[in-house]
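Work through the exercises below with the sequence and the structure at hand. Each task is followed by a solution in steps.

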Amino acid sequence: MSGTLSAIHLIRQGTPARVILIDQRPGFGLGLAYSTPSLRHLLNVPAGKISALPDQPDHFLNWLRENHDPAATEKTFAPRAVFGRYIQSLLASASQVEQEIATVADVRLQDSGAVLTLDNGCELRADLVVLATGNFDPDTLPGITTAASDLGFYHHNAWAAEAFEGLHPDAPVALIGTGLTGVDVVLRLRELGHSGRIIAVSRHGMFPNRHGDHIPLRSAAIPSDTPATCGAYLRALRVVMRGGAEWRATIDSLRETTNELWLRLPLEEKKRFRRHLQRRWDVVRHRMAPPIADIIASELRNGTLMIREGHLEAVDASPAGACVTFRTHDKSESFFADRVINCTGPSMNYRRVPSTLLQNLFRRGLVTSGALGTGFHCAQDGAVIDAGGHVSEIIFNLGPGRLGDLLESIAVPEIRQQAVELASALAARIRSQYVLHEKRVTESATPDLTGELAAA
C-alpha cells in the first residue's frame, strides 16, 4: 500500500515523470495486510477514519457503501480484503502508473540517479527511488530445532497457506505471540474448521484491547512542553485520566503528536520505553475491532484459547508432536502441540531480514539503521541517510521502514500522509530538474556570439 499510494499521489499531482511500481506479486496495492483471503480479518481503524486520500476523509466510506456494504457507517470496521480492493481501484484510476512484476535485487547510484537490478535480469535507470517494502517475516525465534521445522511442526510464516494445511480439527495449536498477528491466526484457524485448543505463549500475556466509543479530548493528553522523559509522559497521561478522561480518548488524543513526542526523547529514554512500555503501548494503541474482540474474549472465557505468559525457550520434535518449552519467572514449563506458528510480527531488524535488496543497500552503505537498530535512518522527508551520515538526494522511504526513527509508521493514517508529503517533495524535485534540463538544452542550442566575434 505504501508504494501504491506514493505512485497514485505522484500521478494526482501531475508529476512530469514515468512512475514505475515494482512488486514481486501481481496483486499490486495489497501487500501483506490486504491480501488476506479471509473476510473475518477486519481493519482496526473504522471506515470514517481510513480514507486513502487525506483531503477527502469520506472517500473510503463512500466507496464502501457503493461497492460492498450500503449500510456502512463511519464506525464500520470493514474487512481488510475489501480495503485492498479499494486501494486497487485507486491504482486502476491512475492508469499512467506502470507496473512491473519483479523483485528489485540491487540499487546502485550512477551519475545523478540510480540503476535498479531486477531478478529477471533487467535493469532500470531511475532519477528517484522510493523504498516501500512493507513488512518482512518475523525474526528467528530461539530454540527452534531443525526437526521441528522439517517435520512441519513449526511454521515461521503465519501468512503462508502451509501453516494451516494438514491440521486435524481437534489438534492443539501453539501460537508464539499475542499481538494482532496472533489474533488473525486464531480467526483463520476457526474459519478453516479448527476447533481444538489454541495456546498462545507471550512474554507479557496480553492480547490487544478493543475499540470502543468515547468522547474525544479537546487537546493532547501530553502537552508539548512536557519534559522529554518516559516518566513525565506517563505522569501527564495519569493526570488526564484521573480527571475523568476515558483511556481510549487519552491515547487517541496523541495521534497527531505521538511521533513528535517520541523524537524529543533522548536515546536512553527511547531504550527505556522499548524495554518497559512498548508492549503496553501497543495493546492500547493498536486495538481490535469490537466484533473480533468479542470472539477473542469468548475463546478465552471458554478455555478454547489460553495464554501462557513467559519467554519461549525451545520448540522440538517429539513422538507426541512439538514440545514447546517456555520460561516463567522462576521455572521452565512445557506442553505439546501439533502445530506451532510464529505470530511475533514482522522483523524490524533490516540488517537481518532475508532480502537481497536490503543486504546490498547496507553493504554499499547507502542506508543505515535507526538509532535502536531498527528500520532505516531517514531525514524528515523520508530521504534515507547513508553510512557516512549524508542525506540521499535519490533514495527515499515511507511506511514501516521509518520505524527506524519514528514510533508510529505502520497504520494507514500515518502512511497516507507520508505518501502525500513524499509525492509532493519528489514532484517538486522532478519539476526543478526538468526546468534545469530545459534551460541547459536551450543554452546549448543558442549560438555563442562572443566566440564568433572573437574569431572574426
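**Exercise 1.** Decide whether T229 is buried, partly exposed or exposed in this predicted model, and describe its surroundings.

Solution.
- Step 1: Take the accessibility. T229 has a relative accessibility of 29%. Buried means under 20% and exposed means over 50%, so T229 counts as partly exposed at its 29%.
- Step 2: Place the residue. T229 sits in the loop that runs between β9 (198-202) and α6 (230-242).
- Step 3: List the contacts. With neighbours within four places in sequence left aside, T229 is in contact with L265 and E269.
- Step 4: Check a separation in space. T229 and P266 are 37 residues apart along the chain, and their C-alpha atoms are separated by 7.8 Å.
- Step 5: Look at the side chain. A polar atom of the T229 side chain lies 3.0 Å from the backbone nitrogen of A232.

**Exercise 2.** Find out how far β9 is enclosed, and which strands pair with β9.

Solution.
- Step 1: Count the buried residues. In β9, five of the five residues are buried, so this strand is largely enclosed by the rest of the structure.
- Step 2: Separate the two faces. I198, A200 and S202 lie on one side of β9, I199 and V201 lie on the other, and all of these are buried. Both faces of β9 are therefore covered.
- Step 3: Take one partner. Strand β8 (residues 173-176) runs parallel to β9, and four bridges join the two. Within this pairing, V173 stands opposite I198 of β9.
- Step 4: Take another partner. Strand β10 (residues 305-309) also pairs with β9 in the parallel sense, over five bridges. Here V201 has R308 in β10 as its bridge partner.
- Step 5: Add the helix. Together, β8, α5 and β9 form a right-handed β-α-β unit.

**Exercise 3.** State whether T181 is buried or exposed, and name the residues that T181 touches.

Solution.
- Step 1: Locate the residue. T181 belongs to helix α5 (residues 180-191), the helix of the β-α-β unit with β8 and β9.
- Step 2: Apply the cut-off. The relative accessibility of T181 is 14%, so T181 counts as buried.
- Step 3: Name the contacts. Not counting residues up to four places away in sequence, T181 touches A158, W159, C343 and G345.

**Exercise 4.** For the open sheets β3-β4-β5 and β6-β16-β15, give the pairing, the edge strands and the turn between neighbouring strands.

Solution.
- Step 1: Begin with the sheet of order β3-β4-β5, an open sheet of three strands with antiparallel pairing. Its edges are β3 (104-110) and β5 (123-126); each has a single partner strand, so one side of each is left without a neighbour in the sheet. On average, neighbouring strands of this sheet are turned by 20° against each other, direction ignored.
- Step 2: Look at one pair inside this sheet. β3 and β4 (residues 113-118) are antiparallel and share six bridges. The bridge partner of Q110 is G113 in β4.
- Step 3: Move to the sheet of order β6-β16-β15, an open sheet of three strands with mixed pairing. β6 (129-131) and β15 (383-385) are at its edges with a single partner strand each, so one side of each has no neighbour in the sheet. The average turn between neighbouring strands of this sheet is 55°, direction ignored.
- Step 4: Look at one pair here. β15 and β16 (residues 391-397) pair in the antiparallel sense over two bridges, and I385 stands opposite V391 of β16.

Note on methods: Residues numbered from 1 in each chain as written. Predicted model: local features only at pLDDT ≥ 70, side-chain atom pairs only at ≥ 80, totals over all residues. Heavy atoms only, no water. Pairing = 2+ DSSP bridges. Axes fitted to C-alpha atoms, helices over the stretch in contact; angles between N-to-C directions. Buried < 20%, exposed > 50% of the residue type's maximum accessible area, 1.4 Å probe, protein only. Contact = heavy atoms within 4.5 Å. Polar contact = N/O pair within 3.5 Å; in protein donor to acceptor, adjacent residues only side chain to side chain. Right-handed = clockwise from strand over helix to strand, strands pointing away.
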